[in-house]
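Hi there,

Here is the structure I promised to pass on to you. Have a look at it first, and my notes follow below.

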Amino acid sequence: MVPMMTDLENTTPTYTLQTRDLNLWYGDFQALKDVTVNIKPGIITALIGPSGCGKTTLLRCLNRINERYGNVTTTGEVNILGKNIYDDDVSLSTLRKSVGMVFQRPNPLPISIYENILFGIRSHTRRREYKRQQQDELVELALRDVQLWDEVKDKLRKRATHLTLEQQQKLCIARLLPLKPEVILMDEPCSALDAEGIERIEELIDGLREKYTIVMVTHNMAQARRASHECIFMLMGRIIEHGPTLDIFLKPTQPDTEMYVRGRYG
Amino acid sequence: MSNGSGNAVRKPRARYIANAMRAFGDRAEPLVEWTIRLCGWSAILFVFSIFFFIFREAAPIFGELNWLEFFTSTQWQPSSEVHPRYGILALLVGTVSVTTLAMLVAVPLGLGAAVFISEFCTGKLKESLKILIELLAAIPSIVWGFIGYMVLGPIIIKLTGAPVGVNLLNGGLILGLMSVPIIVSVGEDALKAVPDSFREAAVSLGASRWEVVYRVLFPAAKNGLLAAVLLGVGRAIGETMAVLMCTGHAVQIPHSLLDPVRTLTATIASELGESAAGDPHYRVLFVIGLVLFAITFAVNVIADLIVKGVRNEQSR
């Protein structure tokens, strides 16, 4: 190591999220190849690349939800706040409390709005630990944080699946907040919404970035450009380039990145 | 384009056949349509003719029957020369108690199995369990009765010291096991219909697999699971052969699990042969048939309405 480099690292903020030589196979198919990335807190990092490049897979590794598929093999490390989440002593439930996820299709649970917000808390605390009034406050706070309170305050007991898609997606973000996560993973969070919905959700995400580390997969180049601070470009399961968003779009160092951001493929 | 040239060689003949089939199809289509329509209507026809037939045999006694006694008396002495009495209360209680006990066995077992098959196992285990449970449904009821009579009866005598092994407990257990397959298969379908995105959402919020089951899947599949249970109830109420063999067939209101009981279905099965066609005993048995018809019809309609509720819920 060059001494200057370590100096530089000391001055930059510590990374919340680091992967080391992450490899992943679905059966025989290798979807991630030696992925090593460092993700900073306080900014929005976008994962971009053509379909099937592994960006969603990488995202789904970060809270280990990939393991639901059964035939998944993972090697390497994912360190979140200095702890390898693939260690044997990691509790998946605790991991997912600190690493929240927002999905492509809004997926509120088929219970009331109120219970959706408290779902996570109820999984992590014993019954009776929260008094009724505290629960009400948690719900109001979370809904205010996503600018949904005024729209739904009169129908908190209604089923969440009756909301509009935009409201549902806001709710899906809101229900992460009572758990006080470190990281929020977003898998194309706007792809089911119309133009106005996209704008408001992007605003909302930008408002959250100071408190959380946000990693967002996006298919939409324009969105990556306007809504992220750093971009990671992936191709065939590898990280091709990682840098500030403007650099990736204006002066990419890799020819593949350049081809992609200019719309040659993907 | 080698395919194209191949087609060209076969073309005249192929076109001839296609034309012939089309010509036949044009004429045959209305015929096929009518046949299929007839098949559909026949189901309705059969249900109504069965109802009509039972009703016709039962109707002549409607005027003479003491309805109050019929539903409230425990005296079932249809073949008495002096004073035949037709009180089905004991039989009703027998049917209800055996069915209730059966459901106490079948609902936890059936829903548990449905949850296990749908949520906790994959691949070969899942497939083999599903096949095995279908196989369980295919065991003839006489075989279940035989098992209750020859295997379960002696075990009950040994364990409880009861004088007879064929009683409410035996009938309820056997009937419960018989109702498990339908609850499992309908329940599993209901769980399978819950979108995976709900599971994913719950898991991503840190819920354990059990929490996913009882905090997400049960509320989401509530109606389907209820329908599964009601179909199980319908199955249990209608079952005849196994309960005839396993319940002891004694007309009385049971006071413990070890008392023998008699059900409505078993009464019809055992007495229809010995009653003379057209006499009051014969007709009363058909009235019992109507009562059973009404009960199972009500259970099925409720199950159906609930299942419809599921569909509306999902389409919204």
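Two strands pair if DSSP finds at least two bridges between them. By that rule, β10(A) and strand β11 (residues 238–244) of chain A pair in the antiparallel sense, with six bridges. Please keep in mind that this is a predicted model.

**Around β10 in chain A**

Within that antiparallel pair, A:Ile232 sits opposite A:His242 of β11(A). The hairpin made by β10(A) and β11(A) has two residues between its strands, and A:Met236 adopts a positive phi near 50° there.

β10(A) has another partner too: strand β4 (residues 44–48) of chain A pairs with β10(A) in the parallel sense over four bridges. In this pairing, A:Ala46 has A:Cys231 as its bridge partner in β10(A).

How covered is strand β10 (residues 230–235) of chain A? Mostly: six of its six residues are buried. A:Glu230, A:Ile232 and A:Met234 point one way from the strand, while A:Cys231, A:Phe233 and A:Leu235 point the other way, and all are buried. You may want to look at A:Glu230, a buried residue of β10(A).

**Between chains A and B**

Helix α4 (residues 113–124) of chain A packs against helix α8 (residues 209–220) of chain B at an angle of about 145°, and their axes are 12 Å apart. The crossing of α4(A) with α8(B) is right-handed. On the α4(A) side, A:Leu118, A:Phe119, A:Arg122 and A:Ser123 meet B:Glu211, B:Arg215 and B:Val216 of α8(B). Sorted by class, this contact has three nonpolar, one polar and three charged residues.

Best wishes

Conventions. Residues numbered from 1 in each chain as written. Chains lettered and ligands numbered in written order. Predicted model: local features only at pLDDT ≥ 70, side-chain atom pairs only at ≥ 80, totals over all residues. Heavy atoms only, no water. Buried < 20%, exposed > 50% of the residue type's maximum accessible area, 1.4 Å probe, protein only. Axes fitted to C-alpha atoms, helices over the stretch in contact; angles between N-to-C directions. Left-handed = near helix turned anticlockwise from the far one by under 90°. Contact = heavy atoms within 4.5 Å. Nonpolar A, V, L, I, M, F, W, Y, C, P; charged D, E, K, R; others polar.
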